[in-house]
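Open the structure in your viewer and keep the sequence panel beside it. The stops below say what to select and what is there.

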Amino acid sequence: MSTPGRKPRGRALLSFLVAMVLLAVIGATGGWLYGQRVADRRAADGGGGGEPTQPEVTSEPPSGEPCREETEAAAENAGSPGGLVEILYIRTEDNKQVWICRDTAGSIFYQGYVGPLGGELREGENALFLTTVAETAGGYLATNETDDGTTIYSVTPYRLTQSTNGKESTFPVAERRQG
């Protein structure tokens with residue numbers, strides 16, 4: 001038989017408060033992750049709408065550090081007048097490296113590499129050179145179309161996002177240089 005009168009509610013109240021705090025933390029984390037994804041997509045498509053921005057072509061050569069010799073040679077093979085300079089370099093925490101370079105005509109190129117710092121770039125093995133690059137408000141979009149599908153690389157000073165056939169992977173940047 002139970003005793004008449006009020007029963008202590010401390011344990012039930014504590015359980016309820018812990019559950020509420022846990023739900024608030026989960027909700028806040030989900031909202032932050034969603035906000036990061038929206039910011040990445042807005043940066044990738046030029047701030048939410050419109051066409052990617054095109055560089056202003058001038059008669060002055062671009063200023064900055066010269067791009068790697070392998071990148072310069074690949075660009076010249078693709079019809080570039082040369083004179084490539086680095087406008088953005090990133091290295092991710094797992095040693096993915098990307099150089100975004102601009103030539104004297106204003107064309108933009110993507111050079112990707114997976115390997116140690118200063119390693120040899122071997123196209124098709126550990127390196128990827130792309131000429132289909134667009135400048136956006138937050139960075140650059142490089143597109144690689146193959147028989148297996150399309151891969152889009154979104155390169156910003158803070159992250160590299162690779163999207164292949166709807167599957168997206170994001171890599172935080174450990175090192176960056178902007179020209």
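Begin on the surface of this predicted model. Select L13, F16, L17, M20 and L23: together they make a nonpolar surface patch of about 520 Å². One of these residues, L13, is found in helix α1, which covers residues 10-44.

**The whole chain**

Now show the protein as a cartoon. It has two helices and nine strands. Followed from the N terminus, the elements run α-α-β-β-β-β-β-β-β-β-β. Of the 179 residues, 34% count as buried. The accessible surface comes to about 11500 Å², and carbon and sulfur atoms account for 54% of that area. Among contacts with a separation of 6 or more, 37% are between residues 24 or more positions apart.

**The cores**

Which residues touch the most other members of the largest nonpolar core? Select I100, Y110 and V155; they do so in a core of 16 residues. At least two residues of this core come from each of β1 (85-92), β2 (96-102), β3 (108-114), β6 (140-146), β7 (149-155) and β9 (167-178). The strand that gives the most is β1, with three residues.

Stay on I100 and display its surroundings. Leaving aside residues up to four places away in sequence, I100 touches V85, E86, I87, L88, I108, F109, Y110, Y140 and V155. Two of the core residues already selected, Y110 and V155, are thus listed among the contacts of I100.

Next, select C67, A75, W99 and F109. They are among the 11 residues of a second, separate core.

**Helix α2**

A75 leads to the next stop, helix α2, which spans residues 69-77. Which of its residues are buried? Select T71, E72 and A75. Look down the axis of α2: the buried residues fall within an arc of 100 degrees, so they line one face of the helix. Turn to the face directed away from this buried side, where the exposed residues E69 and N77 are found. The cover over the buried residues of α2 includes β2, β3 and β4 (127-130). Just after the helix, select G79, which takes a positive phi of about 100 degrees.

**Three loops**

The remaining stops are in loops between strands.

Go to N95, in the loop between β1 and β2. Its phi is near 65 degrees, a positive value in a residue other than glycine. Is N95 buried, partly exposed or exposed? Its relative accessibility is 28%, so it counts as partly exposed.

Then select T136, in the loop between β5 (133-135) and β6. T136 has 5% relative accessibility and therefore counts as buried. Add S154 to the selection and draw a line between the two C-alpha atoms: T136 and S154 are 9.4 Å apart in space and 18 residues apart in sequence.

End at N165, in the loop between β8 (159-164) and β9. N165 is not a glycine, yet its phi is positive, at about 50 degrees. With 54% relative accessibility, N165 counts as exposed.

Definitions and conventions. Residues numbered from 1 in each chain as written. Predicted model: local features only at pLDDT ≥ 70, side-chain atom pairs only at ≥ 80, totals over all residues. Heavy atoms only, no water. Patch = residues over 30% accessible without salt bridge, like charges linked within 9 Å, V, L, I, M, F, W, Y side chains within 5 Å. Areas by Shrake-Rupley, 256 points an atom, 1.4 Å probe, with all protein chains shown as cover. Salt bridge = Lys/Arg side-chain N within 4 Å of Asp/Glu carboxyl O. Helix = DSSP H or I, 4+ residues; strand = E, 2+ residues; numbered from the N terminus. Core = buried A, V, L, I, M, F, W, Y, C linked by side-chain atoms within 4.5 Å. Buried < 20%, exposed > 50% of the residue type's maximum accessible area, 1.4 Å probe, protein only. Contact = heavy atoms within 4.5 Å. Arc of directions from axis to C-beta.
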